[in-house]
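Trainee: Could you take a close look at one part of this structure for me? Start from a single residue and work outward from there, with the reasoning spelled out.

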Amino acid sequence: MNIDINTKMITLIVDPLKQSFAARMQNAAYQAADINLTYFYTETGSEHLKEIIDGIRFMPSFAGAAVTKPNKVEVMKYLDEADPLCEKMGACNTIVKQASGALKGYNTDGVGFYTSITKEAGIKVSENTFFCIGAGGAGRAICSVLAYHGAKKIYITDLYQKSAEDLVDDINNNFAPVAEFVDFGNFAKTDECAVIINASGVGMGKTAGESPYPKEQMDATKLYFDACYNPAKTQFLLNAEEAGARILNGLGMSLYQGVAQIELWSDKKAPIEAMKNELNDIIAGR
C-alpha cells in the first residue's frame, strides 16, 4: 500500500480497541481496487468524540470515518445530516465527508445483513415473517433494516427482556408497527416465520457449542441465519443443517457492510472477491 499526498484517510473510532479485522479487510480492498484510501484505528470514548469528529470535518486529508461501540448513538449529534435508515435507527457506523465538507451519517450494518440475506439466500423481505433472538447491536441493525424494507412481521426476544421491549418500541414508532415482543424461551411464533435469526452471540467464544434455540424445533422448511461467522457453523447452524434446513452465517453480513462503506467513501465499486478472500484468510489464521 503506497501512501502519498493524495491519500485520503478513514479511521475507525472505537473504545476499547480490541481485536479488529476491519483495517486488514479494508486496506486489502483499497489495494485490490486501486483506491487511494488508508484505514486505521482511533481509540476514544465519548468524552473526546466531538473534538475527533471536528478534526475529521476540518482536516482535508479525511474522507470519513467508521464508528463502533460505544459511539454509534452519541456520534449522531455531531453530524450535519443522516440518510433515512441511519436517522430512523438513531445509530451511525459510517461517516462520509461530502464535497462541501459536511458530514453525513449512514448505517451499513443492517445493509450488510439485507444484502446477504437477499443476494445469498434469495429471501424476499417484504413477503416474509422473521424471528430474531437477540436485541443487542446486531439484532437492532438486523430488525431495523427488515422493518425498513417492509417485513410482514418481526418477532423479537432476548434474555434481557427490556432490551427486546425497547427494540420493539423503537421499530414500531420509527419504522412500521410490525414488531412484537416474545418472552425468552417461547418459540411458538417461529411456526409463522420463514427465517430464524440468531443475533444473540450464543455459539461463539465462551459459548461455543451452545445454541439459543431448541434442536427439536428445527424445521427443514426454514432458513436459519447466525450473525456469527467464526466459527463458520455455530451449534445453532449445525443443528439446523442436521434437520435439513438451509443455513447462512454472518460472513456475508460482515463482507457487505464493508462493501457498502467502501462504495460510500470512494464512489467506486468495491472488490468483493478480494474482500471475501481476505476475510477467509483472516478466519483461517493466514
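**A cysteine and its surroundings**

Mentor: The sulfur of Cys228 has its closest cysteine sulfur in Cys132, 14 Å away, and that is too far for a bond. The cut-off for a disulfide is a sulfur pair within 2.5 Å. Keep in mind that the model is predicted. Cys228 is also buried, its relative accessible area being 7%.

The search can be widened to the whole structure, where 0 disulfides are found. Cys143 is in no disulfide either, although the nearest cysteine sulfur, again that of Cys132, is 3.7 Å away. Cys143 counts as buried because its relative accessible area is 0%, and the limit for that label is under 20%.

From here, move along the chain to the loop between E11 and H7, which is the place of Pro231. The peptide bond that leads from Asn230 into Pro231 is cis, and its omega is near 15°. A second cis bond runs from Lys69 to Pro70, with omega near 0°. Pro70 is also in a loop, the one between strand E3 (62–67) and strand E4 (81–82).

Next comes H7 itself, which spans residues 235–242 and has Phe236, Leu237, Asn239 and Ala240 as its buried residues. These lie on the same side of H7, because they cover an arc of only 160° around the axis. What do the buried residues of H7 pack against? Their partners are three strands: E10 (195–198), E11 (223–226) and E12 (246–248). E11 therefore appears twice in this account, since the loop holding Pro231 is the one between E11 and H7. H7 is followed by Gly244, where phi is positive and near 90°.

Helix H8 covers residues 251–266, 16 residues in number. From first C-alpha to last, H8 reaches 23 Å, close to the 22 Å expected at 1.5 Å a residue. How much of H8 is covered? The helix is mostly covered, with 14 of its 16 residues buried. Just after H8 comes Asp267, with a positive phi of about 60°. Asp267 sits in the loop between H8 and helix H9 (272–283), and with 72% relative accessibility it counts as exposed.

Positive phi in a residue other than glycine is found at Asp267, and Asp34 also has a positive phi, of about 55°, although it is not a glycine. Asp34 belongs to the loop between helix H1 (22–33) and strand E2 (37–43). Is Asp34 buried or exposed? Asp34 is exposed, as its relative accessible area is 66%.

One residue of strand E1 (residues 8–14) completes the tour: Thr11. Thr11 counts as buried because its relative accessibility is 1%. Its side chain reaches the backbone oxygen of Phe40 at 3.2 Å. Phe40 is also among the contacts of Thr11 once neighbours within four places in sequence are left aside. The others on that list are Tyr41, Thr42, Ile56, Phe62, Gly64, Ala65 and Ala66.

Terms used. Residues numbered from 1 in each chain as written. Predicted model: local features only at pLDDT ≥ 70, side-chain atom pairs only at ≥ 80, totals over all residues. Heavy atoms only, no water. Buried < 20%, exposed > 50% of the residue type's maximum accessible area, 1.4 Å probe, protein only. Helix = DSSP H or I, 4+ residues; strand = E, 2+ residues; numbered from the N terminus. Arc of directions from axis to C-beta. Contact = heavy atoms within 4.5 Å. Polar contact = N/O pair within 3.5 Å; in protein donor to acceptor, adjacent residues only side chain to side chain. Expected span 1.5 Å × (residues − 1).
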